[in-house]
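The exercises below are to be worked with the sequence and the coordinates open. Each task is followed by a solution in steps.

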Amino acid sequence: MNTDRLKELAAGYATGELELAERDEFKALLQSAADVERKETAAVIDTGALLSLSRPLERPTPALRQRLMSRIGQSAIAKPVELLRFVRGADNSGWIPLKVPGAYVKVLSIEESRGHAGVLGKLDPGAHYPAHDHIGGEEIYVLSGDLFIGEVKLVAGDFHSAAPGSRHEVNHSEQGCTILAVLTKKDLMRQFAAT
C-alpha cells in the first residue's frame, strides 16, 4: 500500500480538488487499506476539510476572469458567474466522513458575514450520532429515509428546528437518511471534531 499517495489523495478529496480519475484512485486505495491506514486517512480528511472551510473565497483577477470568460464564449459583461453556484443532486463528490462511523457531511455553502452554513448530512442505516449541544440554532429538513432525534422519528418531508443552546439526544437512522441543514459555522466545525 502506498500510504503517502493515499494521504495525498485524501487531502485533495477533503478540499474537493480531485479530478474524477483521482477520486476513483482514492476510493480504490481506501477500499484496500488496512484499518490503521484508514484511521490516518480520516485524520487527513478531517484536517483538510477544516482548512478548506476556513479558507477565504478567492476570486480571479480581472485579467484572468476576462481570459476565462473569453474561453467559454461569454462576455466579461455577462451575468457575474461567481454570484451563482450550483450543486447537482447526482454529484456524489464532496462528502466528508465524520469521526462518527456512518456519518457524512457535504458543505453546500458558508455565509461568512452571518456565520451560517448550508450542508447536506447523511447517516448510514443503523448509524448513531452522539448527543450534542448547539451553540447556535439549527434547522433540518429530511430529504430521504428516517431520522430519530431522541425518540422523535422524522421522515422525508419533515422539518425540525433547534434553538441556540439546545441539546439533541442521540440521533440515529434505521434506514439511513439524507438531510438538508442550516446551522452556524461554529456548530459545523464542532461536527468535524465530534467523537
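The protein has five helices and eleven strands. The model is predicted, with a mean pLDDT of 81 and 81% of the residues at 70 or more.

**Exercise 1. Decide where the coordinates should be read with reserve.**

Step 1. Look for a stretch of low confidence: over residues 75–81 the pLDDT stays under 50.
Step 2. Check what the model places around residues 75–81: nine contacts beyond four places in sequence.
Step 3. Apply the general rule: where pLDDT is low, predicted coordinates should not be read in detail.

**Exercise 2. Describe the surroundings of strand β3, and state how many of its residues are buried.**

Step 1. Locate the strand: β3 covers residues 116–123.
Step 2. Find a partner on the N-terminal side in sequence: strand β2, residues 103–111, runs antiparallel to β3 and is joined to it by eight bridges. In this pairing, serine 109 stands opposite glycine 118.
Step 3. Examine the connection. β2 and β3 form a hairpin with four residues between them. In the turn, glycine 115 has a positive phi of about 75 degrees.
Step 4. Find a further partner: β3 also pairs with strand β11, residues 177–184, in the antiparallel sense and over eight bridges. Here lysine 122 of β3 faces threonine 178 of β11.
Step 5. Count the covered positions: six of the eight residues of β3 are buried, so the strand is mostly covered, buried meaning under 20% relative accessible area.

**Exercise 3. Analyse three of the seven salt bridges in the structure: what are their N to O distances, and how accessible are residues that form them?**

Step 1. Take glutamate 25 and arginine 5, whose side chains meet at 2.8 Å, N to O. This pair links distant parts of the chain, with glutamate 25 in helix α2 (residues 20–31) and arginine 5 in helix α1 (residues 3–14), 20 residues apart. Glutamate 25 is partly exposed, at a relative accessible area of 30%. Extending the search gives a network of salt bridges that links Arg5, Glu8 and Glu25.
Step 2. Take arginine 114 and glutamate 111, with a distance of 3.8 Å, N to O. The cut-off is 4 Å, so the pair is accepted. Arginine 114 is exposed at 57% relative accessibility, while glutamate 111 is partly exposed at 36%.
Step 3. Take arginine 190 and aspartate 187, where the closest N and O atoms are 3.7 Å apart. Both residues lie in helix α5 (residues 185–193), three residues apart, or about one turn of the helix. Arginine 190 is partly exposed at 41%, but aspartate 187 is buried at 5%.

**Exercise 4. Characterise the surface: which residues make the nonpolar patch of about 370 Å²?**

Step 1. Start from the total: the accessible surface is about 11,800 Å², and 56% of this belongs to carbon and sulfur atoms. Of the 195 residues, 35% count as buried.
Step 2. Identify the patch: its members are Tyr141, Leu143, Phe159 and Leu180.
Step 3. Test one member. Leucine 180 is found in strand β11 and has a relative accessible area of 34%. Patch residues need over 30%, so leucine 180 passes this cut-off.

**Exercise 5. State what share of the contacts with a separation of 6 or more joins residues 24 or more positions apart.**

Step 1. Restrict the contacts in the protein to those with a separation of 6 or more.
Step 2. Within that set, residues 24 or more positions apart account for 63%.

Technical notes
Residues numbered from 1 in each chain as written. Predicted model: local features only at pLDDT ≥ 70, side-chain atom pairs only at ≥ 80, totals over all residues. Heavy atoms only, no water. Buried < 20%, exposed > 50% of the residue type's maximum accessible area, 1.4 Å probe, protein only. Helix = DSSP H or I, 4+ residues; strand = E, 2+ residues; numbered from the N terminus. Pairing = 2+ DSSP bridges. pLDDT = per-residue confidence, 0-100. Contact = heavy atoms within 4.5 Å. Patch = residues over 30% accessible without salt bridge, like charges linked within 9 Å, V, L, I, M, F, W, Y side chains within 5 Å. Areas by Shrake-Rupley, 256 points an atom, 1.4 Å probe, with all protein chains shown as cover.
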